[in-house]
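Good morning, and thank you for making time for this item. Please have the sequence and the coordinates open, and I shall go through the fold step by step.

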Amino acid sequence: MARRPRIDLPGYHHIVNRGVNRSDIFVDDEDREVFVRIMCKASRIYDATVHDYCLMDNHYHLLLENRQENLSLLMRQINANYAIYFNKKHHRTGHLWQGRFSSWYILEDDYLYRTIRYIEHHPIEAGIVSQVREYDHTLAGRILRGESVPECAEDSLLLRRYDIATLADFLSEPLTQDEVSELESKRRQQITIEERQAKPIEKKPLESYFGPGMERPRRNQAIYEAYRDGHTQKSIAEHLGLTDAAVNIIIKKFRI
């Protein structure tokens with residue numbers, strides 16, 4: 001399936017990139033510190049704010065806000081400069097990244113704040129720590145421990161809209177399964193660009209995907225198309241009278 005076009009427009013972007021073959025991109029604390037310095041330098045050059053980040057061993061999450069149509073240039077500088085540093089330090093050659101970075105353009109406040117919770121709970125979901133404050137390499141972790149934050153994150157929403165107690169409360173619970181499903185649905189939402197403004201394309205009703213007497217292969221294709229267009233597995237399952245597990249299996253077959 002063809003890739004959706006990159007949205008470079010000013011606004012909030014959730015960005016993820018992984019090491020090639022899921023190999024580690026951060027071996028020690030120095031690697032992470034260098035990445036943050038490179039991230040902040042690029043953010044200064046391209047007039048962007050880092051609102052949140054999480055640096056795992058083999059991938060990272062960033063929540064960036066750019067003010068110009070330059071996201072690809074910003075990320076190219078971060079990824080290229082870090083790859084040069086990492087390869088030199090660790091005596092390796094070849095590609096560091098699995099490919100181009102993944103990014104999702106965020107249009108709604110609810111989507112924005114769920115993304116923050118998702119990013120900050122990533123080390124907990126991975127079983128590395130039990131609380132947000134315990135992980136050294138997220139922005140909220142630094143704030144909750146009373147540490148200074150990187151220059152490019154000094155205007156972060158986490159600092160502007162929360163005091164420490166409120167931030168701790170906001171991040172105290174992980175996303176529920178329904179919230180995760182809704183977050184995934186937002187990531188798949190189709191977006192159109194009109195007069196240099198991003199706007200969501202209204203999802204077609206589920207009824208429009210499924211006709212009477214539809215044979216199973218065509219029905220399964222329609223299930224994947226509805227999911228790809230932003231409908232949740234749960235809503236598709238309820239509409240068709242299937243189990244969530246059955247819908248999940250069908251969708252996975254199309255993703256391979």
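Let me begin with a question of location: where is the place of Asn-70? Asn-70 sits in the loop between E3 and H2. Please keep in mind that we are looking at a predicted model. Asn-70 has a relative accessible area of 5%, and because the cut-off for buried is under 20%, this residue counts as buried. Apart from neighbours within four places in sequence, the contacts of Asn-70 are Asp-8 and Tyr-46.

I turn now to the sheet. Four strands make up an open sheet, ordered E2-E3-E1-E4, with antiparallel pairing. The edges are occupied by E2 and by strand E4, residues 102-106; each has a single partner strand, so one side of each is left without a neighbour in the sheet. From one strand to the next, the twist averages 20 degrees. Eight bridges connect E1 and E3 in the antiparallel sense, and Asn-17 is found opposite Tyr-60 in E3.

Which helices pack against these strands? Helix H1 lies across E2 and E3, and its direction is at about 160 degrees to E2. H3 also packs on the sheet, where it touches E1, E2, E3 and E4. The direction of H3 makes about 150 degrees with that of E3.

This brings me to the nonpolar interior. As general background, nonpolar side chains in soluble globular proteins tend to be buried together. Here the largest nonpolar core has 56 residues, and the members that touch the most others are Phe-35, Met-39, Tyr-60, Leu-62, Met-75 and Tyr-82. Among the elements that supply at least two residues each are strand E1 (11-18), helix H1 (29-45), strand E2 (48-55), strand E3 (59-66) and helix H2 (71-89). H2 gives the largest share, eight residues. Consider Met-39 in particular: leaving aside neighbours within four places in sequence, Met-39 contacts Val-50, Tyr-53, Leu-62, Ile-78 and Cys-152. There is also a second, separate core of 13 residues, including Leu-206, Tyr-227, Ile-236 and Val-247.

Tyr-227 leads us to helix H9, which covers residues 216-228. From its first C-alpha to its last, this helix of 13 residues reaches 18 Å, close to the 18 Å expected at 1.5 Å a residue. Its buried residues include Arg-219, Asn-220, Ile-223, Tyr-224 and Tyr-227. After H9 comes Gly-230, with a positive phi near 115 degrees.

Finally, the cysteines. How many disulfides does the structure hold? There is one, and it joins Cys-40 to Cys-152 with an S to S distance of 2.1 Å. The angle about the S-S bond is -55 degrees, and the link is left-handed. Cys-40 belongs to helix H1, whereas Cys-152 lies in the loop between H5 and H6; the pair therefore ties together parts that are 112 residues apart in sequence. Both Cys-40 and Cys-152 are buried.

Why is Cys-54 not counted in a disulfide? The nearest cysteine sulfur, that of Cys-152, is 15 Å away, whereas a disulfide requires sulfur atoms within 2.5 Å, so Cys-54 is in no disulfide. Cys-54 nevertheless counts as buried, because its relative accessibility is 0%.

That concludes my presentation, and I thank you for your attention.

Key. Residues are numbered from 1 along each chain as its sequence is written. This is a predicted model: local features need pLDDT of at least 70, side-chain atom pairs count only at pLDDT 80 or more; totals for chains, interfaces and linings use all residues. Side-chain values use heavy atoms; hydrogens and water are left out. A nonpolar core is a set of buried Ala, Val, Leu, Ile, Met, Phe, Trp, Tyr and Cys residues joined through side-chain atoms within 4.5 Å. Buried means under 20% relative accessible area, exposed over 50%, partly exposed in between (1.4 Å probe, protein chains only). Contact means heavy atoms within 4.5 Å. The expected span of a helix is 1.5 Å times one less than its number of residues. Two strands pair if DSSP finds at least two bridges between them. Axes are lines fitted to C-alpha atoms, for helices over the stretch in contact, and angles run from 0 to 180 degrees between N-to-C directions.
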